[in-house]
Amino acid sequence: MNASLRVRPHAPAADGTVLAVTPASAGWEHVGFRVVKLDDGHSYSGGEPGREACLVLVAGSADVVAGDSRFGALGGRASPFEDRAPGAVYVPAGVAYTVTARGAVELAVCTAPGNGEGKVRAIDSARMSRETRGGGSNTRYVRNILPEGEPAQSLLVVEVITPGGHWSSYPPHKHDTATVGEETLLEETYYHRLQPPQGFAFQRVYTDDRSIDQTVAVEDGDVVMVPRGYHPVGAPHGYDLYYLNVMAGPERRWIFRNDPAHDWIVRKG
């Protein structure tokens, strides 16, 4: 695969979109991802037949109307690096929604296949479990926005803070093969933010046979697409890294396999 897995943001379109990944643009079947930036009082509307959505207020506060449901002043954190859950709304496939900004808003629109089952809901921050993974320079901090234990049809959504000088999604792991009880097939996007924003990070995406082997210099606001393969991330000293992951595939379970060459890292003492 020679096409770049890096997607860069652009100047806002009329609807506020600064970045969009669709199944057609990515060359896959499941994950869609969009970043929308809105000024105070401006709105973004969406809703697709056959695709469910998780609306994540990466930063800022907004009112959300979805179908017959209305949610006021969701979110409110100043940036994704604030130790606070984002506002988030689950929207079943085929339900129209509108997000209206209260102040500046950074909205992530995460989508995947669905048949319309389920109900619109604001995701309670108390249900977004937090965990610390790894240790030493492999420590990172995870917030499960829409994990497999919460209702949805295809989507899995999680955000991670990786402190400067640390590694994440490490040891390198993959989830691109449907092997019952051992691994699930999930496409994935990584939406990266950096603090301070002039920083950079690195993400490598590679397969066992190296048919994909790209190392991407990530800048603030970039997306890295992971169609298959291992996908570790490194944050240089001095720059904290946030990423929002969206995963979806034929089975809504996250079962991964570490690269056998590096699995010893989690097996030692």
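The questions and answers below concern a predicted model of one protein chain.

Reader: How many helices and how many strands does the chain have?
Author: The model is predicted, and the elements are assigned from it. Helices and strands are counted separately along the chain, which has two helices and 23 strands.

Reader: How does the radius of gyration of the chain stand against the globule rule?
Author: The C-alpha trace spans about 50 × 40 × 35 Å along its principal axes. For 269 residues the globule rule gives 18 Å, and the chain comes close to that, so it is as compact as a globular protein of that length. The radius of gyration of the chain is 18 Å.

Reader: What share of the 269 residues counts as buried?
Author: A residue is called buried if its relative accessible area is under 20%. The accessible surface of the chain is about 11600 Å², and carbon and sulfur atoms hold 50% of that surface. Of the 269 residues, the buried share is 51%.

Reader: In what order do the seven strands of the open sheet stand?
Author: The pairing in this sheet is antiparallel. Strand 1 (6–7) and strand 10 (130–133) each have a single partner strand, so they stand at the edges with one side left without a neighbour in the sheet. Read from one edge to the other, the order is 1-20-17-22-12-11-10.

Reader: Which residue of strand 22 stands opposite Thr-162?
Author: Strand 22 (residues 240–248) pairs with strand 17 (residues 187–195) over nine antiparallel bridges. Strand 12 (residues 156–162) also runs antiparallel to strand 22, and seven bridges join the two. On the strand 17 side, Glu-187 stands opposite Ala-248, and Leu-194 has Leu-241 as its bridge partner. On the strand 12 side, the residue opposite Thr-162 is Leu-241.

Reader: Which strand gives the most residues to the largest nonpolar core?
Author: This core has 32 residues, and those with the most contacts inside it include Val-21, Phe-33 and Leu-244. Elements that give two or more residues to it include strand 2 (17–21), strand 5 (51–66) and strand 8 (97–113). Eight of the nine residues of strand 22 are buried. With four residues, the strand that gives the most is strand 22.

Reader: How many residues are in the other core, the one with Tyr-44 and Ala-62?
Author: In soluble globular proteins, nonpolar side chains tend to be buried together. Here another core lies apart from the largest one, and Val-99 and Ala-101 are also among its residues. Its number of residues is 21.

Reader: Why is there no bond between the sulfurs of Cys-110 and Cys-54?
Author: A disulfide needs two cysteine sulfur atoms within 2.5 Å, and a search of the whole structure finds zero disulfides. Both residues are among those with the most contacts inside the largest nonpolar core. Cys-54 is buried at 0% relative accessible area, and Cys-110 is buried at 0% as well. The sulfur of Cys-54 is the closest cysteine sulfur to that of Cys-110, yet it is too far for a bond, at 5.3 Å.

Reader: Is Asp-263 buried or exposed?
Author: Asp-263 is found in the loop between strand 23 (257–258) and helix 2 (264–267). The cut-off for a buried residue is under 20%. The relative accessible area of Asp-263 is 16%, so this residue is buried.

Notes. Residues are numbered from 1 along each chain as its sequence is written. This is a predicted model: local features need pLDDT of at least 70, side-chain atom pairs count only at pLDDT 80 or more; totals for chains, interfaces and linings use all residues. Side-chain values use heavy atoms; hydrogens and water are left out. Two strands pair if DSSP finds at least two bridges between them. Buried means under 20% relative accessible area, exposed over 50%, partly exposed in between (1.4 Å probe, protein chains only). The radius of gyration is taken over C-alpha atoms; the globule rule is 2.2 Å times the number of residues to the power 0.38. Accessible areas come from the Shrake-Rupley method with a 1.4 Å probe; for residues, only the protein chains shown count as cover. A nonpolar core is a set of buried Ala, Val, Leu, Ile, Met, Phe, Trp, Tyr and Cys residues joined through side-chain atoms within 4.5 Å.
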